[in-house]
Amino acid sequence: MEQIAQQFFNLDIMKASFPMLMEGLKITFLLVLVVVPLGLMGGLVAAIASGAKSRWIRWPAYAFVDFFRSMPPLVLLIAVYAGLPFAGIRLDPFAAVALAFLLNNSAYYGEVYRAGIEAVSPGQTEAARSTGLSAPQTMAYVVLPQAVRNVLPDLVSNTVEVVKLTSLASVVSLSEMVYQADMARSVTYNASPIVLAAGVYLVLLWPVVRLISRHGRKIAS
Amino acid sequence: MTLPILELAGLRKSFGELEILTGIDLKVTKGELAFVIGPSGSGKSTMLRCCNLLERPTSGAVMLEGRNIAASGVRLDPVRRRIGMVFQSFNLYPHLDALGNVSLALRKSLKLPRAEAAERAAAALERVGLAERARHHPAQLSGGQQQRVAIARAMALEPAVMLFDEPTSALDPELVGEVLAVMRELREAGMTMVVVSHEMRFAREAADRVIFMDQGAIVEQGTAEEIFGAPKSSRLQAFLARQAA
Amino acid sequence: MDFSDAFLNATVLQKYAPSILSGVWVTLYLSAIIVVAGTALGLILACIRACGWKAVNFVIIVYADILRALPPLVLILIAYFGLPGVGVLWSSNLVLFIVLTLILAAFAEEIFWAGITSVGKGQWEASRSTGLGFAQTLFWVVLPQGVRMGLPPLTNRAIAVTKMTALGSVIGVPDILNQATTAQSFSGNASPLTLAALAYVALFLPFVLLARWLETRFAWKRT
Ligand SMILES: Nc1ncnc2c1ncn2[C@@H]1O[C@H](COP(=O)(O)OP(=O)(O)O)[C@@H](O)[C@H]1O
Ligand SMILES: [Mg+2]
């Protein structure tokens with residue numbers, strides 16, 4: 001028991017590593033602020049393309065989404081970070097993470113949007129078009145607002161996944177929170193800094209996770 | 001007088017503060033069709049659900065073939081096999097076909113071998129006129145057919161008494177007849193039945209006794225002629241007037 | 001530099017294909033046992049939750065919440081670097097298996113639970129009224145419907161979690177990614193990464209397509 005407290009919940013070590021973690025948390029926030037909007041926009045493009053009338057647009061969109069849903073995010077990240085330099089493109093860690101996440105998140109957000117769009121009844125489009133709205137206007141003012149409402153819980157839940165995934169940036173030496181925690185861990189030979197990082201994630205994400213669960217139940221009943 | 005198959009004695013049921021059943025006494029004898037009417041919210045469903053202990057009475061006795069099944073310590077599953085129930089909303093299992101719906105309890109509760117259960121289920125479906133629909137899933141059946149499968153499901157267990165809670169209320173008018181026809185045949189075959197329904201025509205021709213409930217109590221009972229022809233209480237008169245309108 | 005020479009170098013591919021193939025087996029068998037164990041554990045937890053014991057349910061909910069809120073990498077690092085300090089010496093494969101199984105179980109529990117609660121009260125009542133017991137009703141009536149409801153999200157989640165086996169490379173699990181990065185640094189060539197990416201797509205694409213197919217045809221016509 002004593003040993004467990006010492007190894008995982010050492011308050012002195014936590015206190016000492018706390019400033020480092022907060023430095024890292026800033027980068028984590030910055031990543032989230034860049035990566036989530038990019039993913040939301042990329043996903044929108046993917047979703048609209050997947051619903052296109054022309055198969056020359058639709059099929060590549062599906063191929064894009066399914067390819068990146070098949071690819072582990074870390075593999076994608078390493079391919080971008082360590083692979084692209086062989087093509088003469090050298091990205092710093094932050095840009096590499098942003099690019100890899102743009103590809104991965106666009107695929108996932110795209111699937112969420114697509115489900116939402118498909119749940120809007122065709123009558124809505126017909127009604128909008130019959131009032132003289134153009135196809136893009138119909139999408140923007142009639143279909144998308146309803147689609148987003150339909151899948152809001154899924155969008156939130158996917159965003160939780162994105163926030164969790166920013167921890168992968170530590171693998172390419174971007175000094176976000178997990179990177180900082182792991183540095184502290186390797187210096188102190190103690191897991192407490194990472195447990196502290198876990199605590200920070202819990203504080204940030206647990207309320208959202210709870211909210212999603214509660215909401216899901218409301219729909220079910 | 002013959003021993004009642006089902007008897008409710010001093011039955012009370014409260015949900016929280018609210019007393020929904022305020023002391024029900026009712027005897028149903030073998031082969032009898034007891035027809036229960038009353039305004040919505042008067043406690044008809046609650047009374048039926050107390051009969052097979054889907055709701056546990058707050059106090060009072062539910063006697064099935066002379067035994068108080070509301071007493072503590074009674075094993076309910078065997079008792080419930082003796083009491084068939086048919087719901088307003090059918091409640092068929094959507095993942096099973098008609099035969100599967102009817103045979104599930106035969107196999108898993110009565111523990112019949114698969115072949116025997118299937119045989120008995122097929123016979124029950126035959127009796128409700130759906131032998132050739134045995135392999136259809138509920139989604140492929142009309143409302144009337146679904147309710148007949150639900151009746152077969154309850155009947156196949158050869159219960160001592162069957163409870164019907166507004167069996168035709170969820171049906172389109174043109175589908176009501178086929179369900180009532182099946183119920184009529186059941187009665188002719190000697191099944192003991194308690195039926196909550198608004199089908200007054202059916203009550204007139206098939207009910208041995210009509211029971212009027214209001215505000216959680218039995219207000220008046222008698223033959224169909226007595227209840228519909230010469231209602232005594234003002235509440236029953238008002239109820240019938242509303243029904244007619 | 002020649003593009004195909006950097007990304008599809010035949011000599012490099014030939015040389016490192018066997019080690020990457022060995023990584024494929026590691027990824028494959030870890031994924032398989034994680035899916036089986038995680039789904040089973042999640043199903044068991046959801047069934048226990050259906051029994052409605054308050055204290056037990058509280059523990060299950062807290063467990064599921066925590067494992068869904070934490071990044072897998074964080075849990076892997078805590079387990080891998082923390083446990084030896086308290087005398088638990090697990091191999092990196094075992095750490096990865098246990099952490100990802102627990103994570104998948106947390107998500108699976110929530111998915112199965114949502115499925116169970118989505119089955120209407122009428123189904124329970126109809127079943128109980130024919131003399132089937134609580135466990136029989138859960139097993140024969142409610143779970144078949146609830147599990148079917150949960151199949152598409154479960155497939156998606158199982159894919160997401162098993163793809164996380166790539167995180168094992170951080171703690172030395174000899175999976176596809178680990179083999180590929182090693183080969184890449186030895187050969188000074190990106191071809192092993194190309195091969196790894198293709199291997200992952202070949203492994204997971206069928207399941208992504210399966211999930212898509214399940215989504216289009218899972219819904220019961222409600223009666
Ligand atoms: N589970 C319950 N909890 C609280 N109130 C209930 C419950 N079930 C029924 N009631 C209340 O009991 C009253 C009688 O309901 P019910 O037996 O369904 O009436 P009826 O079938 O005659 O329309 C209603 O006011 C209803 O709101
Ligand atoms: Mg009712």
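Here are four exercises on a predicted model, each with a worked solution.

**Exercise 1. Work out which pair of chains shares the most contacts, and which pair has none.**

Step 1. Start with the ranking: two pairs of chains are in contact, and chains A and C share the most contacts.

Step 2. Now look for the missing pair. No contact joins chain A and chain B. Contact needs heavy atoms within 4.5 Å, and the closest C-alpha atoms of chains A and B lie 16 Å apart.

Step 3. Finish with chain C and chain B, where 20 residues of chain C are in contact with 24 residues of chain B.

**Exercise 2. Describe the interface of chain A and chain C: how much area is buried, and which helix of chain A gives the most residues?**

Step 1. Count the residues: 48 come from chain A and 54 from chain C.

Step 2. Get the area. Chains A and C bury about 4,200 Å² between them, with 70% of it on carbon and sulfur atoms. On chain A's side, A:Arg69, A:Ser70 and A:Phe86 supply 16% of the area buried against chain C, more than any other three residues.

Step 3. Check the polar side of things. The rule finds four salt bridges across this interface; C:Arg212 and A:Asp66 meet in a salt bridge through their side chains, at 2.6 Å from N to O. There are also 15 residue pairs in polar contact, both residues at pLDDT 80 or more.

Step 4. Go to the helices. Those of chain A that each supply at least two residues to the side touching chain C include helix 3 (55-70) and helix 10 (192-220). Helix 10 of chain A gives the most, with twelve residues.

Step 5. Sort by class: the side of chain A that touches chain C has 31 nonpolar, seven polar and ten charged residues.

**Exercise 3. Do the same for chain C and chain B: what area is buried, and how do the residues on the chain C side divide by class?**

Step 1. The area buried between chain C and chain B is about 2,000 Å², and carbon and sulfur atoms give 60% of that.

Step 2. Look for charges. Two salt bridges turn up across the interface of chain C and chain B. B:Asp77 and C:Arg128 meet in a salt bridge through their side chains, 3.7 Å from N to O. Seven residue pairs are in polar contact between these chains, both residues at pLDDT 80 or more.

Step 3. Locate the chain C residues. Helix 6 (121-129) and helix 7 (134-163) of chain C each supply at least two, and the largest share, eight residues, comes from helix 6.

Step 4. By class, the side of chain C that touches chain B divides into six nonpolar, ten polar and four charged residues.

**Exercise 4. Lay out the sheet of chain B and say which strands stand at its edges.**

Step 1. Write the order. Four strands of chain B form an open sheet, 2-1-4-5, with antiparallel pairing.

Step 2. Read off the ends. Strand 2 (18-29) and strand 5 (67-68) of chain B each have a single partner strand, so one side of each is left without a neighbour in the sheet.

Step 3. Zoom in on one edge. Strand 4 (residues 59-64) and strand 5 of chain B pair in the antiparallel sense over two bridges. B:Met63 stands opposite B:Asn68, which belongs to strand 5 of chain B.

Technical notes. Residues are numbered from 1 along each chain as its sequence is written. Chains are lettered from A and ligands numbered from 1 in the order in which they are written. Side-chain values use heavy atoms; hydrogens and water are left out. Buried area is the accessible area (1.4 Å probe) that two parts lose on being put together, summed over both. A polar contact is a pair of N or O atoms within 3.5 Å; within protein, one must be able to donate a hydrogen and the other to accept it, and residues adjacent in sequence count only if both atoms are side-chain atoms. Ala, Val, Leu, Ile, Met, Phe, Trp, Tyr, Cys and Pro count as nonpolar, Asp, Glu, Lys and Arg as charged, and the others, Gly among them, as polar. Two strands pair if DSSP finds at least two bridges between them.
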